Amino acid sequence: MTRPADEFASITESAPLVAELRERIRSGGPVTFRAFMEAALYHPRHGYYRTQDAPTSRGGDYVTSPEVHPIFGALVARQLIEMYDAMSRPVRFDVVEQGAGRGVLARDILRSPAAHDDAFGRALVYTIIEPVARLREIQRATLADAGIDAARVRWAGALPSRIEGCLLTNELLDAFPVHRVVRRDGDLREVCVGLDGDSFVDVECAPSTPALAAYFDEIGIVPGDGCVAEVNLDTPLWIEGVAAAVERGYVLTFDYGYEATALYAPWRRDGTLLCFYRQSASSAPYQRIGKQDMTASVDFTTLRRAGERAGLRTLATTDQSSFLVRLGIGEGVASVARDRPGELAEYFARRNVVLDLIDPGKLGRITVLLQGKGVPDTALRGFRDD
Ligand SMILES: C[S@@+](CC[C@H](N)C(=O)[O-])C[C@H]1O[C@@H](n2cnc3c(N)ncnc32)[C@H](O)[C@@H]1O
(Lines give C-alpha, C1' and ligand atoms only; values in the text may rest on other atoms or scores of the structure.)
Protein backbone atom coordinates (compact mmCIF):
# COMPACT_ATOMS: atom_id res chain seq x y z
CA MET A 1 0.00 0.00 0.00
CA THR A 2 1.37 3.42 -0.87
CA ARG A 3 1.21 6.06 1.85
CA PRO A 4 -0.21 9.53 1.22
CA ALA A 5 2.59 12.15 1.28
CA ASP A 6 1.33 13.77 4.49
CA GLU A 7 1.30 10.50 6.39
CA PHE A 8 4.89 9.85 5.30
CA ALA A 9 5.87 13.37 6.42
CA SER A 10 4.40 12.81 9.88
CA ILE A 11 6.53 9.69 10.33
CA THR A 12 9.72 11.58 9.57
CA GLU A 13 9.15 14.65 11.74
CA SER A 14 10.07 15.11 15.38
CA ALA A 15 6.79 14.44 17.21
CA PRO A 16 7.78 16.14 20.52
CA LEU A 17 9.05 19.21 18.69
CA VAL A 18 5.89 19.46 16.57
CA ALA A 19 3.74 19.08 19.71
CA GLU A 20 5.71 21.80 21.49
CA LEU A 21 5.44 24.20 18.54
CA ARG A 22 1.69 23.57 18.16
CA GLU A 23 1.19 24.25 21.86
CA ARG A 24 3.22 27.43 21.67
CA ILE A 25 1.15 28.75 18.74
CA ARG A 26 -2.19 27.68 20.29
CA SER A 27 -1.40 29.49 23.51
CA GLY A 28 0.48 32.55 22.22
CA GLY A 29 -0.60 32.98 18.58
CA PRO A 30 1.58 32.81 15.44
CA VAL A 31 5.34 32.81 15.95
CA THR A 32 7.91 34.42 13.68
CA PHE A 33 9.48 32.18 11.07
CA ARG A 34 12.79 32.91 12.79
CA ALA A 35 11.49 31.38 16.03
CA PHE A 36 10.11 28.37 14.11
CA MET A 37 13.40 27.81 12.24
CA GLU A 38 15.45 28.25 15.39
CA ALA A 39 13.39 25.57 17.11
CA ALA A 40 13.48 23.23 14.08
CA LEU A 41 17.27 23.46 13.78
CA TYR A 42 18.52 24.25 17.28
CA HIS A 43 15.92 23.18 19.87
CA PRO A 44 18.15 21.92 22.71
CA ARG A 45 16.64 18.41 22.70
CA HIS A 46 14.82 17.93 19.41
CA GLY A 47 16.43 20.37 16.93
CA TYR A 48 17.92 19.04 13.69
CA TYR A 49 21.50 20.05 14.54
CA ARG A 50 21.14 18.63 18.05
CA THR A 51 19.97 15.19 16.96
CA GLN A 52 21.65 14.38 13.61
CA ASP A 53 25.17 12.95 13.71
CA ALA A 54 26.31 13.49 10.16
CA PRO A 55 23.85 15.69 8.26
CA THR A 56 26.58 17.21 6.07
CA SER A 57 28.07 13.95 4.78
CA ARG A 58 27.30 11.97 1.62
CA GLY A 59 25.12 9.63 3.67
CA GLY A 60 23.32 12.59 5.29
CA ASP A 61 21.02 15.27 3.91
CA TYR A 62 23.45 17.47 1.98
CA VAL A 63 27.18 17.61 1.35
CA THR A 64 29.49 20.46 2.31
CA SER A 65 32.87 21.11 0.69
CA PRO A 66 35.07 19.68 3.48
CA GLU A 67 33.02 16.48 3.31
CA VAL A 68 33.62 16.09 -0.44
CA HIS A 69 37.37 15.51 -0.11
CA PRO A 70 40.36 16.47 2.10
CA ILE A 71 41.75 18.53 -0.79
CA PHE A 72 39.39 21.33 0.29
CA GLY A 73 41.03 21.57 3.74
CA ALA A 74 44.50 21.23 2.28
CA LEU A 75 43.90 24.22 -0.02
CA VAL A 76 42.39 26.29 2.80
CA ALA A 77 45.54 25.46 4.80
CA ARG A 78 47.61 26.76 1.89
CA GLN A 79 45.70 30.02 2.14
CA LEU A 80 46.14 30.16 5.92
CA ILE A 81 49.90 29.80 5.70
CA GLU A 82 50.00 32.71 3.26
CA MET A 83 48.04 34.78 5.79
CA TYR A 84 50.58 33.78 8.44
CA ASP A 85 53.39 35.00 6.17
CA ALA A 86 51.52 38.24 5.37
CA MET A 87 51.20 38.88 9.11
CA SER A 88 55.02 38.49 9.41
CA ARG A 89 54.84 35.05 11.01
CA PRO A 90 53.48 35.84 14.49
CA VAL A 91 54.47 33.64 17.44
CA ARG A 92 50.84 32.51 17.78
CA PHE A 93 48.56 32.13 14.77
CA ASP A 94 44.96 31.37 15.75
CA VAL A 95 42.64 29.54 13.44
CA VAL A 96 39.18 29.80 14.97
CA GLU A 97 36.48 27.76 13.23
CA GLN A 98 32.85 28.35 14.13
CA GLY A 99 30.18 25.84 13.06
CA ALA A 100 32.68 23.02 12.47
CA GLY A 101 30.10 20.26 11.96
CA ARG A 102 31.86 16.89 12.27
CA GLY A 103 35.31 18.54 12.49
CA VAL A 104 36.36 17.42 9.02
CA LEU A 105 37.81 20.78 7.95
CA ALA A 106 39.82 21.01 11.19
CA ARG A 107 41.13 17.50 10.58
CA ASP A 108 42.19 18.24 7.01
CA ILE A 109 43.82 21.56 7.86
CA LEU A 110 45.75 20.02 10.74
CA ARG A 111 47.06 17.09 8.69
CA SER A 112 47.75 19.04 5.50
CA PRO A 113 51.32 19.50 4.26
CA ALA A 114 51.05 23.25 5.02
CA ALA A 115 50.42 22.57 8.71
CA HIS A 116 53.65 20.56 8.77
CA ASP A 117 55.70 23.64 7.96
CA ASP A 118 57.78 23.84 11.15
CA ALA A 119 57.19 27.48 12.04
CA PHE A 120 53.50 27.54 11.02
CA GLY A 121 52.88 24.22 12.77
CA ARG A 122 54.34 25.56 16.01
CA ALA A 123 52.45 28.87 15.79
CA LEU A 124 49.08 27.30 14.87
CA VAL A 125 46.48 27.27 17.65
CA TYR A 126 43.22 25.73 16.36
CA THR A 127 40.02 26.55 18.22
CA ILE A 128 36.58 25.15 17.37
CA ILE A 129 33.61 27.14 18.60
CA GLU A 130 31.07 24.49 19.48
CA PRO A 131 28.42 25.03 22.14
CA VAL A 132 26.96 21.51 21.82
CA ALA A 133 28.69 18.79 23.90
CA ARG A 134 27.56 15.95 21.62
CA LEU A 135 29.09 17.63 18.57
CA ARG A 136 32.34 18.20 20.45
CA GLU A 137 32.51 14.46 21.00
CA ILE A 138 31.93 13.80 17.29
CA GLN A 139 34.64 16.33 16.40
CA ARG A 140 37.07 14.72 18.87
CA ALA A 141 36.37 11.32 17.31
CA THR A 142 37.00 12.66 13.78
CA LEU A 143 40.38 13.98 14.88
CA ALA A 144 41.26 10.82 16.80
CA ASP A 145 40.37 8.58 13.82
CA ALA A 146 42.88 10.58 11.77
CA GLY A 147 45.55 10.17 14.46
CA ILE A 148 45.49 13.87 15.37
CA ASP A 149 46.35 14.62 18.98
CA ALA A 150 43.25 16.25 20.53
CA ALA A 151 45.60 18.58 22.41
CA ARG A 152 46.18 20.39 19.09
CA VAL A 153 42.60 21.70 19.21
CA ARG A 154 40.87 23.82 21.81
CA TRP A 155 37.10 24.00 22.16
CA ALA A 156 35.18 27.12 23.18
CA GLY A 157 31.46 27.70 23.70
CA ALA A 158 31.56 31.22 22.24
CA LEU A 159 33.95 33.51 20.35
CA PRO A 160 37.23 33.87 22.22
CA SER A 161 38.69 37.38 22.50
CA ARG A 162 41.99 38.71 21.10
CA ILE A 163 42.12 36.46 18.05
CA GLU A 164 45.35 36.85 16.10
CA GLY A 165 45.15 34.84 12.89
CA CYS A 166 42.00 33.81 11.04
CA LEU A 167 38.35 33.30 11.93
CA LEU A 168 37.02 30.70 9.51
CA THR A 169 33.50 29.52 8.70
CA ASN A 170 32.03 27.20 6.09
CA GLU A 171 28.25 27.35 5.66
CA LEU A 172 27.65 28.80 9.11
CA LEU A 173 25.71 31.93 8.20
CA ASP A 174 23.26 30.26 5.83
CA ALA A 175 22.24 28.07 8.78
CA PHE A 176 21.29 31.05 10.97
CA PRO A 177 17.52 31.34 11.50
CA VAL A 178 15.83 33.98 9.35
CA HIS A 179 12.74 36.15 9.43
CA ARG A 180 10.52 36.01 6.34
CA VAL A 181 8.83 39.13 5.01
CA VAL A 182 6.55 40.03 2.12
CA ARG A 183 5.70 43.40 0.62
CA ARG A 184 1.96 44.06 0.13
CA ASP A 185 0.80 47.29 -1.52
CA GLY A 186 4.01 49.00 -0.46
CA ASP A 187 3.89 47.83 3.16
CA LEU A 188 6.37 45.42 4.71
CA ARG A 189 4.61 42.45 6.37
CA GLU A 190 6.16 39.56 8.24
CA VAL A 191 5.39 35.96 7.28
CA CYS A 192 4.76 34.20 10.58
CA VAL A 193 3.85 30.60 11.36
CA GLY A 194 0.31 29.81 12.50
CA LEU A 195 -1.94 26.77 12.60
CA ASP A 196 -4.83 25.62 10.46
CA GLY A 197 -6.15 22.69 12.51
CA ASP A 198 -2.98 20.72 13.15
CA SER A 199 -1.13 21.99 10.05
CA PHE A 200 1.48 24.72 10.19
CA VAL A 201 0.68 27.54 7.75
CA ASP A 202 2.06 30.93 6.71
CA VAL A 203 0.25 33.85 8.39
CA GLU A 204 0.98 37.45 7.44
CA CYS A 205 1.49 39.70 10.48
CA ALA A 206 2.74 43.16 11.33
CA PRO A 207 6.59 43.08 11.54
CA SER A 208 7.70 41.67 14.88
CA THR A 209 10.56 44.17 15.10
CA PRO A 210 11.40 47.57 13.57
CA ALA A 211 14.82 46.05 12.75
CA LEU A 212 13.24 44.48 9.64
CA ALA A 213 12.32 47.82 8.03
CA ALA A 214 15.64 49.28 9.24
CA TYR A 215 17.45 46.43 7.47
CA PHE A 216 15.97 47.37 4.10
CA ASP A 217 16.49 51.11 4.77
CA GLU A 218 20.17 50.35 5.37
CA ILE A 219 20.68 48.57 2.03
CA GLY A 220 18.38 50.98 0.18
CA ILE A 221 16.34 48.17 -1.39
CA VAL A 222 12.81 46.91 -0.84
CA PRO A 223 11.57 43.51 -1.98
CA GLY A 224 9.27 43.64 -5.01
CA ASP A 225 5.54 43.80 -4.31
CA GLY A 226 4.24 40.33 -3.45
CA CYS A 227 7.79 38.93 -3.16
CA VAL A 228 8.67 36.82 -0.13
CA ALA A 229 12.19 37.45 1.17
CA GLU A 230 14.30 36.22 4.08
CA VAL A 231 16.04 38.57 6.49
CA ASN A 232 18.94 37.29 8.56
CA LEU A 233 19.23 39.74 11.45
CA ASP A 234 21.78 37.54 13.23
CA THR A 235 24.52 37.93 10.61
CA PRO A 236 25.27 41.64 11.16
CA LEU A 237 25.30 41.04 14.93
CA TRP A 238 27.62 38.07 14.41
CA ILE A 239 30.14 40.03 12.33
CA GLU A 240 30.14 42.83 14.93
CA GLY A 241 31.11 40.26 17.56
CA VAL A 242 33.75 38.81 15.24
CA ALA A 243 35.22 42.27 14.55
CA ALA A 244 35.51 42.86 18.29
CA ALA A 245 37.08 39.45 18.87
CA VAL A 246 39.72 39.74 16.14
CA GLU A 247 42.67 41.74 17.37
CA ARG A 248 44.67 41.31 14.16
CA GLY A 249 44.00 39.04 11.25
CA TYR A 250 41.50 37.77 8.72
CA VAL A 251 37.90 36.62 8.57
CA LEU A 252 37.40 34.00 5.85
CA THR A 253 33.77 33.18 5.07
CA PHE A 254 32.52 30.48 2.69
CA ASP A 255 28.77 30.63 2.18
CA TYR A 256 25.95 30.49 -0.31
CA GLY A 257 24.71 34.00 -0.96
CA TYR A 258 24.42 37.07 -3.12
CA GLU A 259 24.84 40.82 -3.06
CA ALA A 260 21.61 42.45 -1.82
CA THR A 261 20.62 43.66 -5.30
CA ALA A 262 20.55 40.05 -6.53
CA LEU A 263 19.14 38.56 -3.32
CA TYR A 264 16.22 40.97 -3.23
CA ALA A 265 15.75 41.32 -7.02
CA PRO A 266 12.09 41.81 -7.99
CA TRP A 267 12.08 38.60 -10.05
CA ARG A 268 12.94 36.50 -6.97
CA ARG A 269 9.32 35.96 -5.91
CA ASP A 270 9.77 33.21 -3.30
CA GLY A 271 13.05 34.06 -1.59
CA THR A 272 15.85 31.53 -1.19
CA LEU A 273 14.70 29.31 1.69
CA LEU A 274 15.59 25.69 0.97
CA CYS A 275 15.14 22.50 2.98
CA PHE A 276 17.38 19.46 2.54
CA TYR A 277 16.51 15.87 3.31
CA ARG A 278 18.50 12.88 2.08
CA GLN A 279 20.27 14.83 -0.66
CA SER A 280 17.14 16.38 -2.12
CA ALA A 281 15.98 19.96 -1.83
CA SER A 282 12.47 21.32 -1.27
CA SER A 283 10.77 24.56 -0.31
CA ALA A 284 8.58 22.91 2.35
CA PRO A 285 9.65 24.07 5.83
CA TYR A 286 6.54 22.65 7.54
CA GLN A 287 7.43 19.08 6.56
CA ARG A 288 9.92 16.85 8.41
CA ILE A 289 10.19 19.40 11.22
CA GLY A 290 13.40 18.73 13.17
CA LYS A 291 14.46 16.09 10.63
CA GLN A 292 15.48 18.24 7.68
CA ASP A 293 17.97 21.07 7.24
CA MET A 294 16.85 24.59 6.41
CA THR A 295 18.98 27.28 4.84
CA ALA A 296 18.65 30.75 3.34
CA SER A 297 21.19 32.58 1.17
CA VAL A 298 23.42 35.14 2.86
CA ASP A 299 23.18 38.85 2.03
CA PHE A 300 26.87 39.60 1.41
CA THR A 301 26.22 43.36 1.06
CA THR A 302 24.97 43.52 4.63
CA LEU A 303 27.75 41.25 5.88
CA ARG A 304 30.44 43.43 4.27
CA ARG A 305 28.93 46.72 5.37
CA ALA A 306 28.28 45.59 8.94
CA GLY A 307 31.88 44.34 9.06
CA GLU A 308 33.19 47.68 7.78
CA ARG A 309 31.15 49.61 10.36
CA ALA A 310 32.65 47.39 13.05
CA GLY A 311 36.26 47.92 11.91
CA LEU A 312 36.90 45.12 9.39
CA ARG A 313 38.24 46.00 5.96
CA THR A 314 36.75 44.18 2.98
CA LEU A 315 39.84 42.72 1.33
CA ALA A 316 38.45 40.54 -1.45
CA THR A 317 35.50 38.51 -2.67
CA THR A 318 35.48 35.65 -5.10
CA ASP A 319 33.63 32.40 -5.80
CA GLN A 320 34.78 29.04 -4.48
CA SER A 321 35.53 27.75 -7.96
CA SER A 322 38.06 30.54 -8.66
CA PHE A 323 39.43 30.35 -5.11
CA LEU A 324 40.25 26.64 -5.35
CA VAL A 325 41.58 26.83 -8.91
CA ARG A 326 43.95 29.67 -7.95
CA LEU A 327 45.17 27.67 -4.96
CA GLY A 328 46.00 24.77 -7.24
CA ILE A 329 43.11 22.30 -7.09
CA GLY A 330 43.93 21.15 -10.63
CA GLU A 331 47.50 20.11 -9.75
CA GLY A 332 46.56 16.72 -8.32
CA VAL A 333 44.58 15.79 -11.43
CA ALA A 334 47.26 17.06 -13.80
CA SER A 335 49.98 15.14 -11.95
CA VAL A 336 48.15 11.81 -12.38
CA ALA A 337 47.64 12.49 -16.11
CA ARG A 338 51.30 13.46 -16.48
CA ASP A 339 53.10 10.98 -14.22
CA ARG A 340 50.76 7.96 -14.15
CA PRO A 341 49.00 8.00 -17.53
CA GLY A 342 47.90 4.34 -17.16
CA GLU A 343 45.89 5.01 -13.97
CA LEU A 344 42.63 6.01 -15.54
CA ALA A 345 40.45 5.13 -12.52
CA GLU A 346 42.54 7.35 -10.22
CA TYR A 347 42.50 10.12 -12.80
CA PHE A 348 38.70 10.08 -13.10
CA ALA A 349 38.20 9.79 -9.32
CA ARG A 350 40.31 12.91 -8.73
CA ARG A 351 38.71 14.74 -11.61
CA ASN A 352 35.21 14.07 -10.22
CA VAL A 353 36.19 15.42 -6.79
CA VAL A 354 37.54 18.59 -8.36
CA LEU A 355 34.40 19.01 -10.46
CA ASP A 356 32.18 18.57 -7.37
CA LEU A 357 34.03 21.34 -5.58
CA ILE A 358 34.27 23.83 -8.44
CA ASP A 359 31.08 23.25 -10.43
CA PRO A 360 29.51 26.75 -10.67
CA GLY A 361 26.06 25.14 -10.46
CA LYS A 362 26.93 23.48 -7.14
CA LEU A 363 29.62 24.06 -4.49
CA GLY A 364 31.67 26.22 -6.88
CA ARG A 365 29.11 29.01 -6.63
CA ILE A 366 29.71 29.49 -2.91
CA THR A 367 30.93 33.02 -2.21
CA VAL A 368 34.30 33.44 -0.49
CA LEU A 369 34.66 36.70 1.41
CA LEU A 370 37.92 37.90 2.96
CA GLN A 371 37.81 40.64 5.59
CA GLY A 372 40.72 41.83 7.69
CA LYS A 373 41.91 43.98 10.53
CA GLY A 374 45.46 45.29 10.99
CA VAL A 375 46.76 43.21 8.10
CA PRO A 376 48.60 44.36 4.93
CA ASP A 377 46.77 44.92 1.65
CA THR A 378 48.71 42.13 -0.10
CA ALA A 379 46.34 40.17 -2.33
CA LEU A 380 46.26 36.54 -1.24
CA ARG A 381 46.60 33.70 -3.74
CA GLY A 382 43.01 32.47 -3.59
CA PHE A 383 41.81 35.93 -4.60
CA ARG A 384 44.57 36.90 -7.04
CA ASP A 385 44.78 36.37 -10.79
CA ASP A 386 48.49 35.77 -11.44
C1 LIG B 1 25.65 23.77 7.46
S2 LIG B 1 26.46 23.15 8.87
C3 LIG B 1 28.15 23.28 8.33
C4 LIG B 1 29.09 22.41 9.09
C5 LIG B 1 30.54 22.44 8.63
N6 LIG B 1 31.07 23.77 8.65
C7 LIG B 1 30.72 21.84 7.27
O8 LIG B 1 31.07 22.57 6.36
O9 LIG B 1 30.52 20.63 7.13
C10 LIG B 1 26.28 24.51 9.99
C11 LIG B 1 26.82 24.24 11.36
O12 LIG B 1 26.86 25.46 12.10
C13 LIG B 1 26.48 25.16 13.45
N14 LIG B 1 26.09 26.43 14.11
C15 LIG B 1 24.99 27.18 13.92
N16 LIG B 1 25.01 28.28 14.71
C17 LIG B 1 26.15 28.19 15.44
C18 LIG B 1 26.76 29.01 16.43
N19 LIG B 1 26.18 30.15 16.82
N20 LIG B 1 27.95 28.63 16.94
C21 LIG B 1 28.56 27.50 16.53
N22 LIG B 1 28.03 26.68 15.59
C23 LIG B 1 26.85 27.01 15.05
C24 LIG B 1 25.39 24.13 13.28
O25 LIG B 1 25.17 23.42 14.46
C26 LIG B 1 26.00 23.27 12.16
O27 LIG B 1 26.84 22.28 12.70
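In which sense do strand E12 and strand E14 pair, and over how many bridges? Select residues 274-277 for E12 and residues 293-295 for E14: this predicted model has them running antiparallel, joined by three bridges.

**Stop one: Cys275 and its two neighbours**

Keep E12 on screen and pick Cys275. Look across to E14 and you'll find Met294 standing opposite Cys275. Now add residues 280-282, which make up strand E13. E12 pairs with E13 as well, again in the antiparallel sense and over three bridges. Go back to Cys275 and look towards E13 this time: the residue opposite is Ser282.

**Stop two: the turn**

Follow the chain from E12 into E13. The two strands form a hairpin with two residues between them. Click on Arg278 here and check its backbone: phi is positive, near 50°.

**Stop three: strand E17**

Next, select residues 367-373, which is E17. Is this strand enclosed or open? Six of its seven residues are buried, so the rest of the structure largely encloses E17.

To see part of what surrounds E17, bring up E10, residues 246-255. E10 and E17 run antiparallel, with seven bridges joining them. For a landmark on this pairing, select Leu252, which has Leu370 of E17 opposite.

Then add E16, residues 313-319. E16 also pairs with E17 in the antiparallel sense, over six bridges. Zoom in on Thr318 and look for its bridge partner in E17, Val368.

While you have these strands up, turn on side chains: in a regular strand they alternate between the two faces of the sheet.

Notes
Residues are numbered from 1 along each chain as its sequence is written. This is a predicted model: local features need pLDDT of at least 70, side-chain atom pairs count only at pLDDT 80 or more; totals for chains, interfaces and linings use all residues. Two strands pair if DSSP finds at least two bridges between them. Helices (H or I, at least four residues) and strands (E, at least two) are DSSP runs, numbered from the N terminus. A residue is buried if 20 or more other C-beta atoms lie within 10 Å of its own, exposed if 12 or fewer, and partly exposed in between; C-beta atoms are placed from the backbone.
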